[in-house]
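Student: I would like a close look at one part of this model, with its surroundings added afterwards. Please give the cut-off for each term when it comes up.

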Amino acid sequence: MVTWLQDHQLNIMLILGAICVFTAFLSLMTKSLHPRRKYALCGMQISAALMLFADRFCYMYRGDLSTTGYYMVRICNFTVFFMLYSLIFWFCQYLGNLYRTDGEMEKKPPAIYVSSGLCVLSAILLIINIFTGFFYYIDENNCYQRADSFWVCYILPLMATVFLFACVIKYRRHIQKQIFISLLLFSIVPSVASLMQLFLYGLSLMDISVVGMAVVVYVFALLDLNNAVERASRLEVEYYKQEQLEMQRLFEQTTQALANAIDAKDKYTHGHSNRVAMYSKMIAQALEKSEEECDEIYYAALLHDVGKIGIPDQIINKEGKLTDEEFEAIRQHPVIGMQILSKISESPYLSIGAHYHHERYDGKGYPDRLKGDDIPEIARIIAVADAYDAMTSKRSYRDPIPQHKAREEFIKGSGTQFDPKFAKIMQYLIDMDPEYRMKEQDEKDKLAGNGEIACSFFAAEVSDGIVLTPNITHISLNSEEMSGHNGFHGRPIIILFDSLDGHYYDDPRKKKDLVYFEYGQIEFDGKTTISGARKVHTNITDLQGNPLTEKKKKQEAGKITHFEIDAVKFEDHLLIHIKDDVKIVEVTIALPDSTRFAYIGLTGEQCILKDISVRKEETPVGPDHIQRIAEKISFINGPSGDIPNIQVDGYRYAATEGIPVTDGMEISFHSTSLPTARLVWHCAYVDLFYSDDKQINGPGYREYALIRLDGENWEPEDFAENKMSIYFSEEFEGWDVWRKKNKEGIDCKITFSRKGNVITSFTQNLGITVKSILTILDGHQEIYAALTGDQCAITNIRIKK
C-alpha cells in the first residue's frame, strides 16, 4: 500500500488539486451560503489546491541543481507548510461562522480562537525557519531534509486539530448531523495522518488527508445546504398551505356569519341556509361531482338568500298575506343577492346561486324567467334543496310537511318547477332517509346533554324521538324530583310511539296528519301501560339477578337519580333494560307488526331529566337477542311458487335471490301492500344487478336498474344506460285507487327479452305500462333479476324460461 502511494501520489495530488480548484469556484458561485462561510470554504479549497500543487513540484524538482530547481524546491516547500496552516486557519473561520449562524451561539467557542492562534504561530515559526532551518532545510543536493526539531511543523497543526475535535464534540448539538460528521472527519483523519507522517518519510500523508477532508467538508456543506433549501421549501409549502387553510377558514367563518345574519332576519327560517347548503352538497355528491365542485355548491347554497338583507324586516316577518307590492319586493332578493356577491370576483359561483335559485325549469320563475338548461346547474340544484327545506320546516302559516308528502311534491314538480334529474336525486335521498333526519331540528335540542326536560305533569315536555333499530341504543340520564309536591315521588317515563317525523303528539289533528301511533308507556320502576302493542312482559330483579321484593321497591322509591337504558328493536319486538343503583327492569314488547318504526320519548311527571346522552352500537343484534313473547305477524302465508315468498317491511329490507336473466324469461307473482303502507311507492320492485353470490348487496354488487310497479326508477351509474317508458291507459283510475287495489293484492307479470348486452323488461298493472330498455356497458354477461320493494308482501313467485 505504501509503495503504491509512493508511485501514484503525484497523480493523486494533481487530481485532488484540480478538484479543489473546481470546488473553490463552486463555492464562490454558491449564492445560498452565508458570505463569510462561502469565503472560508473558498479559502480552504484554494489553500488545499496550492498546497498540493506546491508539494507536487517539490517532488518533481527534488535534487534538480538548476537555478529553476533551486528556487522551486525552496518556494514550494515553504508554500506546502504555509498553505497547510492556512487551510486549518480557514477551517477555523468556517467552523466559527457555522456556530454563530446555524448554531445560534452569541460567541465563537474559545477552542476556535486557540486553533487559529496555533496556525498563526506555525506560520511565524515557518518564516523564522527560512533563516534558521531549525525544523527543515535544503541540502547541497537541493533536497528537503528534516532538522532535529522537525516535529514542530507537525505538532502545532496536530494540536490545532485536537482543539477543533474537542470543540466539535462539545458543541455537537448546535449543528446538523451531516455537518457534525464532516467536522469530525476533518478533526480526526489529518491528526492520524500527522502521526503517521512522523514515521513514513517520503509520503505526504498529512497534506493529502487534509485536502481530502477539506473536499469532504465542502461536499457535506453542500448536502446540508440542499437539506436547508428542502426544509425551507417544505416550510414555505407548509406556510402556503397554512395560509390557504387560514383563508379558507376565514371564508367559511365569513359566509357562515353572513348566512346566520340572513336567517336571523326571519324568525321562521332559523338554520334554513345551513340546511339548504347541506342538502345541495348531498345532491352534488350523488352526482359524483369533485370535492371542489361540491364545496362550491355548498357555499353558493349557504348564501343563496343573501339578498334578503336588502328586504325590510316588516315584510319578511309579516304574519298575514303579502300585498302585491310587498310580494314584488320579496321577488327582488335574488337580484340584490347577485349585486352583493358579484363583488367577490374570486368566487363567481356565489352570485350565480343567489341570482337564479328561484328560476323554474318550465321558465315560469323569476327574476329572468330562464328555462331548462339555460338555468345554471348550481341554481337548479339549490332550487330543489331550497324547496325541500321550505316544505319540511315550520312556517308562520303551517307546520312542517311530512316527508312523504314532500316527496310527492317533487314527483309532481319534476319537469315543471324542478330539473327532473335533481328532483329524482332528492327522491332518492328521501328514500335513503327512513329515520327522517333531513329536516329542521327543534331550536332546543333536548338530547344534547345540556338541556333539561322539566315535567310538572305527565308529558309536559317530551324529548325528540330516539329511533330504535337492531343496533342497541344506550341512553344515560339523571332524574331530579321537583320540590313542593307533598311527598309525591317524581316518575321518569318512557313513551313508545311511531310517527312520520319521530315526535310525540297529543293533538288529535297532528296525530292524524303525522300518522302518530302509540305502543305504550314504561315507568322507570317497571310499571307499564300498553295501548297499541300486542303484548308486554316485564321482569324486575336486583343487580345480582334476584327477584326484587315489594318492600325493597318502596324503600328505594324516589331515591334513584341516575339511570342507564339499553333499547333495541328486532323485527316486531322491542327489548328495553332500565338499570339504576338498585335494580334492573327488563321489558319486552311485541309490536303490531314489523313494518312500523319505534321511537323512545323521554318524559315524566314531577321530575326534571338532565345530563341526557345517547349512543348507538355499530353492530346490529341477531334474531336470538330478544326472546319472542308473541308470534310473528306474517303476510306471506299464501301459496309459495318456485322460490320462497318474501315480506318487505321497509325500503328494500328483503329480496329474493337473483334469477339469471335470459331471453324470453317471465316472472309472475302476487303483490300486496302491507297494512301500514300509505304511499305510492309502497309496492314491489324489480332489481337488475350483478353480484358474485346472486344476492343484492353481495360481494361485487352492481345495480343496473331498479324498476318499480308505479313507474319510477333510479338512474344507473356509468356502467349502464336505462331508457324507461311509462304509459297510463284508460284503465288507470288514479293513484288513490291504485294504492287501494295494491293493498287488496294484485297479480303481476314481468317479461324479459335479451339480445347480447341489451335487456328489455315489460310489465303492466292497473293501467300502468312500464317498459325498460337496459344496455349493459361494463361487459358483465351474467345479469340477475330479484324481487324486492317497500312495505309489501310478494308471494306465489313463478319463473318461466
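**Strand β11 and its surroundings**

Tutor: A hairpin joins β11 to β12 through three residues. Strands here are DSSP runs of E with at least two residues, helices are runs of H or I with at least four, and both are numbered from the N terminus. The model is predicted, so local features need pLDDT of at least 70 and side-chain atom pairs count only at pLDDT 80 or more, while totals for chains, interfaces and linings use all residues. Residues are numbered from 1 along each chain as its sequence is written, and side-chain values use heavy atoms, with hydrogens and water left out.

Strand β11 covers residues 573-579. On one side of the sequence, β11 is connected to β10 by another hairpin, with two residues between the strands. Glu571 lies in that turn and has a positive phi of about 55°. Strand β10 (residues 562-570) and β11 run antiparallel and are joined by seven bridges; two strands count as paired if DSSP finds at least two bridges between them. One of the facing pairs is Ala567 with Ile576 in β11. On the other side, β11 pairs with strand β12 (residues 583-590), again in the antiparallel sense and over seven bridges. There, Leu574 has Ile589 in β12 as its bridge partner.

How much of β11 is buried? Five of its seven residues are, so the strand is mostly covered. Buried means under 20% relative accessible area, exposed means over 50%, and partly exposed lies in between (1.4 Å probe, protein chains only).

A little further along the chain, Arg596 and Asp593 meet through their side chains in a salt bridge of 3.7 Å, N to O. The term requires a side-chain nitrogen of Lys or Arg within 4 Å of a carboxyl oxygen of Asp or Glu. Asp593 has a relative accessible area of 7%, which means that it is buried. The turn residue Glu571 also takes part in salt bridges: through shared partners, Arg534, Glu571, Asp572, Arg628 and Lys632 form one network. By the same rule, the count comes to 28 salt bridges.

Thr676 brings in another part of the chain. Thr676 sits in the loop between β17 and β18. Leaving aside residues up to four places away in sequence, Thr676 touches Asp593, Thr595, Arg596 and Gln791; contact here means heavy atoms within 4.5 Å. Thr676 counts as buried because its relative accessible area is 15%.

Two further salt bridges link distant parts of the chain. Glu480 pairs with Lys610, their closest N and O atoms being 3.1 Å apart. Glu480 belongs to strand β5 (residues 473-481) and Lys610 to strand β14 (residues 607-616), 130 residues apart. Glu480 has 39% relative accessibility, so it counts as partly exposed. Asp419 and Arg380 form the other bridge, at 2.6 Å, N to O. Asp419 is in the loop between α15 (403-413) and α16 (420-431), and Arg380 is in helix α14 (residues 377-392), 39 residues apart. Asp419 and Arg380 are both buried.

Another group of strands forms an open sheet of five, in the order β4-β13-β6-β7-β8, with antiparallel pairing. β4 (466-467) and β8 (528-530) stand at its edges; each has a single partner strand, so one side of each is left without a neighbour in the sheet. The partner of β4 is strand β13 (residues 599-605), and two bridges join this antiparallel pair. Within this pairing, Ile466 stands opposite Ile600 in β13.

The loop holding Thr676 lies between two strands that help to make the largest nonpolar core, among the contributors β17 (666-673) and β18 (684-690). β18 gives the most to this core, six residues. The core has 46 residues, and those with the most contacts inside it include Phe669, Leu688 and Ile794. A nonpolar core is a set of buried Ala, Val, Leu, Ile, Met, Phe, Trp, Tyr and Cys residues joined through side-chain atoms within 4.5 Å. Phe669 touches Ala684, Ile746, Leu787 and Ile794, among others, not counting residues up to four places away in sequence. Apart from this core lies another, of 45 residues, including Met44 and Tyr144.

Finally, the whole chain. It has 19 helices and 26 strands. Of its 801 residues, 49% are buried. Among contacts with a separation of 6 or more, 70% are between residues 24 or more positions apart.
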